[in-house]
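Work through the exercises below with the sequence and the model open. Try each task before reading its solution.

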Amino acid sequence: MSVLDKFTLKDRVVVVTGASSGLGVAFAKASAEAGADVVLAARRTDKLENTAELVRLAGREALTVATDVSEPEQAQHMIDAAMEKFGKVDVLINNAGIGTAFPATKETPEQFRQVIDVNLNGSYWAAQAAGKVMQPGSAIVNISSVLGLTTAGLPQAAYAASKAGVIGLTRDLAQQWGMRKGIRVNAIAPGFFATEMTDQYHEGYLESMKPRLLLGRLGDPEELAATVVWLSSDAAAYVTGQTIPVDGGITVT
Ligand code: NAD
């Protein structure tokens with residue numbers, strides 16, 4: 001067996017939330033290329049079909065499930081649907097998320113709660129449902145953000161709190177499920193990757209971040225997907241409870 005064989009996801013079942021656009025599409029496609037069948041969840045099923053096509057083009061099976069992860073029953077339904085179709089869940093990629101930027105004195109309780117509900121609570125509901133059925137050797141990858149570790153100029157209390165919360169969630173689930181269930185739980189902290197989320201930033205913002213990027217450029221979603229595949233696979237068999245920045249160096253400047 002060569003070291004490269006450890007990176008395979010051959011015949012695994014990977015659930016990707018927020019798979020209708022942006023990074024979730026890259027994670028789903030990369031998982032399929034690595035050999036997995038993929039369950040695609042998001043609120044918009046029409047857009048999920050485009051991602052499903054990419055999975056099928058890679059020669060693997062896709063299942064789309066309309067899911068609002070902020071609703072615990074819907075997160076449970078997503079995992080039930082995966083079990084019904086494939087009989088197992090090996091990997092959960094908790095990617096669904098929303099980003100907002102409101103000055104703290106203006107942000108309403110509803111605005112704050114919505115971000116926490118999707119990014120933090122939604123990750124927990126999906127992990128809880130998956131953790132009940134996952135077998136030893138399974139893995140959860142939570143998508144946090146550099147905003148969980150540092151600041152980046154915008155007023156993002158809700159987003160930063162939700163993503164720091166995801167890091168705490170990662171650590172604690174790794175503790176609860178490591179020895180007891182053989183499930184590894186890790187997070188990645190992406191820097192800046194051009195998606196629908198970053199389209200919302202005001203003009204010039206991403207350009208203004210460049211001096212903090214040691215590699216001098218935004219990331220390519222495929223560069224993030226490679227780390228997610230690694231953490232999902234046996235190549236990361238001794239990695240758990242960690243948050244890995246994939247950020248072009250922004251967290252060290
Ligand atoms: P995006 O807006 O393109 O994708 C977000 C996805 O989440 C979409 O598919 C959306 O439909 C889905 N989603 C939103 N609310 C949902 C809900 N309640 N239930 C189910 N699905 C829901 O943005 P993206 O940049 O691809 O973001 C993906 C993840 O990466 C997010 O968690 C985001 O916080 C994180 N992230 C992105 C960047 C970046 O630079 N793009 C950086 C750090 C972290």
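**Exercise 1. The backbone and exposure of Asp11**

Task: Classify Asp11 as buried, partly exposed or exposed, and state the sign of its phi angle.

Solution. This is a predicted model, and the values below are computed from it.

Step 1. Take the accessibility. Asp11 has a relative accessible area of 41%. Buried means under 20% and exposed means over 50%, so a residue in between is partly exposed. Asp11 is therefore partly exposed.

Step 2. Place the residue. Asp11 sits in the segment before E1.

Step 3. Read the torsion. Phi of Asp11 is positive, about 65°, although the residue is not a glycine.

**Exercise 2. Salt bridges**

Task: Find how many salt bridges the structure holds, then work through the pairs Asp11–Lys10, Lys29–Glu33 and Glu53–Arg56.

Solution. Begin with the principle: side chains of opposite charge can pair when their charged atoms come close.

Step 1. Count. There are 14 salt bridges in the structure.

Step 2. Take Asp11 and Lys10. Their side chains form a salt bridge with an N to O distance of 3.7 Å. The cut-off is 4 Å, so the pair qualifies. Lys10 is exposed, at 54% relative accessible area.

Step 3. Take Lys29 and Glu33. The closest N and O atoms of this salt bridge are 2.9 Å apart. Both residues belong to helix H1 (residues 22–33). They are four residues apart, so about one helical turn separates them. Lys29 is partly exposed, with 28% relative accessibility. Glu33 is exposed, with 52%.

Step 4. Take Glu53 and Arg56. Their side chains meet in a salt bridge at 3.8 Å, N to O. Both lie in helix H2 (residues 45–57), three residues apart, which is about one turn of the helix. Glu53 is partly exposed, with a relative accessible area of 42%. Arg56 is also partly exposed, at 37% relative accessibility.

Step 5. Look for shared partners. Lys10, Asp11, Asp37 and Arg60 are joined into one network by salt bridges that share partners.

**Exercise 3. The ligand site**

Task: Determine how many residues surround the ligand, and list the distances from its oxygen atoms to Arg44, Tyr159 and Phe193.

Solution.

Step 1. Collect the surroundings. The ligand is surrounded by 29 residues. The closest are Ser20, Leu23, Tyr159, Phe193 and Thr195.

Step 2. List the polar distances.

- Tyr159: a side-chain N or O atom is 2.5 Å from a ligand oxygen.
- Phe193: a backbone N or O atom is 2.8 Å from a ligand oxygen.
- Arg44: a side-chain N or O atom is 3.5 Å from a ligand oxygen.

Step 3. Check the cover. On its own the ligand has 820 Å² of accessible area, and the protein covers 96% of that.

**Exercise 4. Two residues in helices**

Task: Decide whether Leu169 and Ser232 are buried or exposed, and list what each one touches.

Solution.

Step 1. Place Leu169. This residue is in helix H5 (residues 157–181). Its relative accessible area is 13%, under the 20% limit, so Leu169 is buried.

Step 2. List its contacts. Leaving out residues up to four places away in sequence, Leu169 touches Leu120, Ser123 and Tyr124.

Step 3. Compare sequence and space. Leu169 and Ala187 are 18 residues apart in sequence, and their C-alpha atoms are 9.4 Å apart.

Step 4. Place Ser232. This residue lies in helix H8 (residues 221–232). Ser232 counts as buried because its relative accessibility is 1%.

Step 5. Find its polar partner. A polar side-chain atom of Ser232 lies 2.7 Å from the backbone oxygen of Val228.

Step 6. List the contacts of Ser232. Not counting residues up to four places away in sequence, they are Leu9, Arg12, Val91, Ile93, Ala139, Val141 and Arg184.

**Exercise 5. A nonpolar surface patch**

Task: Say which residues form the patch that includes Val3, and classify Val3 as buried or exposed.

Solution.

Step 1. Name the members. Val3, Leu4 and Phe7 make up a nonpolar patch on the surface.

Step 2. Give the area. Together they have about 310 Å² of accessible area.

Step 3. Place and classify Val3. The residue is in the segment before strand E1 (13–17). Val3 is exposed, since its relative accessible area is 59%.

How values were computed:
Residues numbered from 1 in each chain as written. Predicted model: local features only at pLDDT ≥ 70, side-chain atom pairs only at ≥ 80, totals over all residues. Heavy atoms only, no water. Patch = residues over 30% accessible without salt bridge, like charges linked within 9 Å, V, L, I, M, F, W, Y side chains within 5 Å. Areas by Shrake-Rupley, 256 points an atom, 1.4 Å probe, with all protein chains shown as cover. Helix = DSSP H or I, 4+ residues; strand = E, 2+ residues; numbered from the N terminus. Buried < 20%, exposed > 50% of the residue type's maximum accessible area, 1.4 Å probe, protein only. Near = heavy atom within 4 Å. Polar contact = N/O pair within 3.5 Å; in protein donor to acceptor, adjacent residues only side chain to side chain. Contact = heavy atoms within 4.5 Å.
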